[in-house]
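Got a model open and not sure how to read it? Let's go through it together, one feature at a time.

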Amino acid sequence: MADAVLFEFLHTEMVAELWAPDPDPGSGGKRRSLSVLEGLGFRVGQALGERLPRETPAFREELDALKFLCRDLWAAMFQKHMDGLRTNHQGTYVLQDNSFPLLVTMGSGPQYLEEAPKFLAFTCGLLCGALHTLGFQSLVTASVASLPACKFQVVIQKS
């Protein structure tokens with residue numbers, strides 16, 4: 001439990017620091033901040049992708065790798081499993097978390113929906129980095145229709 005709280009505080013501080021007003025208006029601002037958060041998540045995802053599946057044989061199927069993310073990786077990061085996994089069986093997967101821990105503390109008004117993407121960039125990178133380590137190139141995007149639920153769309157890119 002303490003680990004989860006520490007991670008939430010660390011994540012909140014990373015977002016706040018990267019989202020602070022930039023004195024140089026030409027530096028890319030918010031787009032650059034999202035990219036930095038995603039990059040940090042990617043590196044953490046790579047490390048977790050190396051460390052967590054040690055007892056598991058290599059994932060040959062995309063679906064097995066996504067199930068691993070929904071169960072093992074999510075449990076390691078957020079002490080819970082993902083609430084849903086859907087696929088179109090053509091390389092696109094939607095991961096659903098109805099109570100995403102990094103969004104639970106936010107209010108539920110429409111003004112908070114605008115703020116949600118910056119709290120999801122790290123996790124998008126995390127998923128992408130873990131998949132990269134497992135041997136799958138991917139593009140991960142997130143969406144929020146109502147807080148604290150969110151969806152992560154994962155598109156596996158064929159090589």
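What follows is a short tutorial dialogue on the sheet, the cysteines and the largest pocket of this predicted model.

Q: Let's start with the sheet. How many strands are in it, and in what order do they sit?

A: The general idea is that strands of a sheet pair through backbone hydrogen bonds, either parallel or antiparallel. Here you have an open sheet of four strands, in the order β1-β2-β4-β3, and the pairing is antiparallel. At the edges are β1 (84-87) and β3, each pairing on one side only. From one strand to the next, the twist averages 20°.

Q: Which residues stand opposite each other along β2?

A: Take the β1 side to begin with. Four bridges hold β1 and β2 together in antiparallel fashion, and T87 stands opposite Y93 in β2. On the β4 side, six bridges join β2 (residues 92-97) to β4 (residues 150-156), again antiparallel. There, L95 faces F152 of β4, and Q96 has K151 as its bridge partner.

Q: Is β2 mostly covered or mostly uncovered?

A: As a rule, in a regular strand the side chains alternate between the two faces of the sheet. In this case β2 is mostly covered, with five of its six residues buried.

Q: What happens at the turn between β1 and β2?

A: Those two strands form a hairpin with four residues between them, and H89 takes a positive phi near 60° there.

Q: On to the cysteines. How many disulfides does the structure hold?

A: A disulfide is a covalent bond between the sulfur atoms of two cysteines. This structure holds zero of them. Take C128: the nearest cysteine sulfur belongs to C124 and is 8.8 Å away, so C128 is in no disulfide, given that a pair needs its sulfurs within 2.5 Å.

Q: Are C70 and C128 buried or exposed?

A: The cut-off for buried is under 20% relative accessible area. C70 has 7%, so it counts as buried. C128 is at 13%, so it is buried too.

Q: Last one: what lines the largest pocket?

A: Look at the volume, then at who forms the wall. The largest pocket has about 210 Å³ of space. Its lining has 13 residues, and P117, L120, A121, C124 and A142 lie nearest the centre. The elements giving two or more residues to that lining are α2 (29-51), α6 (117-133) and β3 (138-143).

Q: And what is the chemical make-up of that lining?

A: Sort the lining residues by type, and you get ten nonpolar, two polar and one charged.

Note on methods: Residues are numbered from 1 along each chain as its sequence is written. This is a predicted model: local features need pLDDT of at least 70, side-chain atom pairs count only at pLDDT 80 or more; totals for chains, interfaces and linings use all residues. Side-chain values use heavy atoms; hydrogens and water are left out. On a 1 Å grid over the protein atoms alone, a cavity is a set of points where a 1.4 Å probe fits but cannot get out, and a pocket is an open set with protein on both sides within 12 Å along at least five of seven lines; lining residues have an atom within 4 Å of a point. Grid points are joined across faces, edges and corners, and a volume is the space filled by probe spheres set on the points. Ala, Val, Leu, Ile, Met, Phe, Trp, Tyr, Cys and Pro count as nonpolar, Asp, Glu, Lys and Arg as charged, and the others, Gly among them, as polar. Buried means under 20% relative accessible area, exposed over 50%, partly exposed in between (1.4 Å probe, protein chains only). Two strands pair if DSSP finds at least two bridges between them. Axes are lines fitted to C-alpha atoms, for helices over the stretch in contact, and angles run from 0 to 180 degrees between N-to-C directions.
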